[in-house]
Amino acid sequence: MNASTEKNTGDTVSEFTLPEGCMLCGGAVTIRSTPGGGAHSYCPHCHWLSRTRLRMHKGGLEIAYATKAFA
Ligand SMILES: [Zn+2]
């Protein structure tokens, strides 16, 4: 048997919580970024699920919600 073990350290999916990130209730939402530049946000309070796009800036992280255009 080979002594080396495989670990899932190469996972590119990251998940973090964004305080006051919910546009509906103002609660904390969970942001889960996926390989390919996409991301999903989920609010456990109001169950608001939305697609987001993450942009890295010098000052931090910008999250753009892929909301439908409000007329
Ligand atoms: Zn919410």
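## Five strands, one open sheet

Gly 38 sits across from Arg 53, a residue of strand E4. That pair belongs to a predicted model of a protein with five strands and zero helices. The five strands make up an open sheet, ordered E1-E2-E3-E4-E5, with antiparallel pairing. Burial is the other thing to look at here: of the 71 residues in the protein, 10% are buried.

**The overall layout**

- Going along the sequence, you simply read β-β-β-β-β, and the order of strands in the sheet is E1-E2-E3-E4-E5.
- E1 and E5 are the edge strands; each has a single partner strand, so one side of each has no neighbour in the sheet.
- On average, neighbouring strands in this sheet are turned by 30° against each other, if you ignore direction.
- Take the contacts between residues at least 6 apart in sequence: 8% of them join residues at least 24 apart.
- As general background, strands in a sheet pair through backbone hydrogen bonds, and the pairing can be parallel or antiparallel.

**E1 and E2, at one edge**

- Strand E1 covers residues 14–18, and strand E2 covers 29–33.
- The two run antiparallel and are joined by five bridges.
- One pair to click on is Glu 15, whose bridge partner in E2 is Arg 32.
- E1 has five residues and the number buried is zero, so this strand lies largely in the open.

**The loop between E1 and E2**

- Glu 20 is in this loop, and its phi is near 55°, a positive value for a residue that isn't glycine.
- As a rule, most residues other than glycine have a negative phi.
- Glu 20 counts as exposed because it has 10 C-beta neighbours inside 10 Å, and the exposed class takes in 12 or fewer.
- Gly 21 belongs to the loop between E1 and E2 too.
- Gly 21 has 18 other C-beta atoms within 10 Å, which makes it partly exposed; a residue would need 20 or more to be buried.
- Leaving aside residues up to four places away in sequence, Gly 21 touches Ala 28, Val 29 and Ser 41.
- Gly 21 and Cys 43 are 22 residues apart along the chain, yet their C-alpha atoms are 8.4 Å apart in space.

**E3 and E4**

- E3 (residues 38–43) pairs with E4 (residues 48–56) over six bridges, in the antiparallel sense.
- The Gly 38 and Arg 53 pair from the top is the one to look up here, with Arg 53 on the E4 side.
- E3 and E4 form a hairpin with four residues between them.
- His 47 is in the loop between E3 and E4, and it has a positive phi of about 60° even though it is not a glycine.
- His 47 counts as exposed because it has 9 C-beta neighbours inside 10 Å.

**E4 and E5, at the other edge**

- E5 spans residues 61–65; five bridges join it to E4, and the two strands run antiparallel.
- To follow the register, begin with Met 56, which has Leu 61 of E5 as its bridge partner.
- Arg 55 is bridged to Glu 62 in E5.
- Leu 54 stands opposite Ile 63, also in E5.
- This hairpin too has four residues between its strands, and Gly 60 in the turn has a positive phi of about 155°.
- E5 is hardly covered, as zero of its five residues are buried.

**Two questions to take to the viewer**

- Which strands stand at the edges of the sheet? They are E1 and E5, and the count of buried residues is zero in E1 and zero in E5.
- Is His 47 buried or exposed? His 47 is exposed, given its 9 C-beta neighbours inside 10 Å.

Conventions. Residues are numbered from 1 along each chain as its sequence is written. This is a predicted model: local features need pLDDT of at least 70, side-chain atom pairs count only at pLDDT 80 or more; totals for chains, interfaces and linings use all residues. Two residues are in contact if their C-beta atoms, placed from the backbone, lie within 7 Å. Two strands pair if DSSP finds at least two bridges between them. Axes are lines fitted to C-alpha atoms, for helices over the stretch in contact, and angles run from 0 to 180 degrees between N-to-C directions.
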